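Student: I have not seen this structure before. Could we go through it one question at a time?

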Amino acid sequence: MPVDPSLVGRAFPAPTPLTVTAERVADFAAAVGHPGGPGVVPPTFPIVLAFDAMMAFFDAEQVDLHRIVHGEQRFAYARPIEVGDELSATLTVTGLRQIGGADIIATASEITDATGAVVCTGKATLVHGGAA
């Protein structure tokens, strides 16, 4: 079943904020092979929050993760992420089109700090394969 086109413009917040800790950053850096040192947050770290918001979208719309191919991901920073930041994410569906029986879903995930200031925006393209 195709994804409902009325989703364009809807927002899906991640369920909880995330506190950036040195341990969390070190674990992420090790997992992705980032050579940075203590206090250096890898530039792809916001995917942790963006993924939580994406899962909120999938849960709300009953989209199966195993039918998704992650097509593209980009991050644009307003400021660097620092250890100690408390960050929240909200994913917004920004576009939807169908090609060859697949849904191409464009999203933007706004990452904000505890004051509500934008830290980073992640844009992703997701390909949804539809029902089997």
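Student: Is aspartate 113 buried or exposed?

Tutor: The model is a predicted one. Buried means under 20% relative accessible area. Aspartate 113 has a relative accessibility of 14%, so it counts as buried.

Student: Where in the chain does aspartate 113 lie?

Tutor: Two strands frame the position of aspartate 113: strand E5, residues 102–112, and strand E6, residues 118–128. Aspartate 113 lies in the loop between E5 and E6.

Student: Which side chain joins that of aspartate 113 in a polar contact of 2.6 Å?

Tutor: The side chain of aspartate 113 makes a polar contact of 3.3 Å with the side chain of arginine 79, so that is not the pair you ask about, given that a polar contact of 2.6 Å joins aspartate 113 to another side chain. The partner at 2.6 Å is threonine 115.

Student: Leaving aside neighbours within four places in sequence, which residues is aspartate 113 in contact with?

Tutor: Contact here means heavy atoms within 4.5 Å. With the neighbours within four places set aside, the residues in contact with aspartate 113 are Arg79, Glu86, Leu87 and Val119.

Student: Which parts of the chain does the salt bridge of aspartate 113 and arginine 79 tie together?

Tutor: The side chains of aspartate 113 and arginine 79 meet in a salt bridge, at 3.3 Å from N to O. Arginine 79 is in the loop between E3 and E4, and aspartate 113 is in the loop between E5 and E6, so the pair ties together parts that are 34 residues apart in sequence: the E3–E4 loop and the E5–E6 loop.

Student: Which residues do salt bridges with shared partners join into one network?

Tutor: Aspartate 85 also forms a salt bridge with arginine 79, and their closest N and O atoms are 3.0 Å apart. Aspartate 85 is buried, at 11% relative accessible area, whereas arginine 79 is partly exposed, at 24%. Aspartate 113 has a salt bridge with arginine 79 as well. The network consists of Arg79, Asp85 and Asp113.

Student: How exposed is arginine 74, the salt-bridge partner of glutamate 72?

Tutor: The count of salt bridges comes to four. In the one between glutamate 72 and arginine 74, the closest N and O atoms are 2.6 Å apart. Glutamate 72 is partly exposed, with a relative accessible area of 32%. Arginine 74 is exposed, and its relative accessible area is 57%.

Student: How far apart are the end C-alpha atoms of helix H2?

Tutor: Helix H2 has 15 residues, 47–61, and at 1.5 Å a residue it should span 21 Å. The modelled helix agrees with that expected span, its end C-alpha atoms being 20 Å apart.

Student: Which strands do the buried residues of H2 pack against?

Tutor: The buried residues of H2 are Leu49, Ala50, Ala53, Met54, Ala56, Phe57 and Phe58. These pack against strands E1 (11–13), E2 (18–19), E3 (68–77), E4 (86–99), E5 and E6.

Student: Which residue just after H2 takes a positive phi?

Tutor: The place to look is just after H2, where phi is about 55 degrees. The residue is glutamine 62.

Student: Which element gives the most to the largest nonpolar core?

Tutor: The largest nonpolar core has 27 residues, among which Phe45 and Phe57 touch the most other members. Helix H1 (22–32), H2, E4, E5 and E6 each supply at least two residues of this core. The greatest share, five residues, comes from H2.

Student: Leaving aside neighbours within four places in sequence, which residues is phenylalanine 45 in contact with?

Tutor: Phenylalanine 45 is one of the two residues that touch the most other members of the largest core. Outside its neighbours within four places, its contacts are Leu18, Val20, Arg24, Val25, Phe28 and Ile81.

Student: Which residue of E4 does leucine 18 stand opposite?

Tutor: E2 and E4 pair in the antiparallel sense over two bridges. The residue of E4 opposite leucine 18 is leucine 87.

Student: Which residue in E5 is the bridge partner of arginine 97?

Tutor: E4 and E5 run antiparallel, and eleven bridges join them. Their hairpin has two residues between the strands, and glycine 100 there takes a positive phi near 55 degrees. The bridge partner of arginine 97 in E5 is isoleucine 104.

Definitions and conventions: Residues numbered from 1 in each chain as written. Predicted model: local features only at pLDDT ≥ 70, side-chain atom pairs only at ≥ 80, totals over all residues. Heavy atoms only, no water. Helix = DSSP H or I, 4+ residues; strand = E, 2+ residues; numbered from the N terminus. Buried < 20%, exposed > 50% of the residue type's maximum accessible area, 1.4 Å probe, protein only. Polar contact = N/O pair within 3.5 Å; in protein donor to acceptor, adjacent residues only side chain to side chain. Expected span 1.5 Å × (residues − 1). Core = buried A, V, L, I, M, F, W, Y, C linked by side-chain atoms within 4.5 Å. Pairing = 2+ DSSP bridges.
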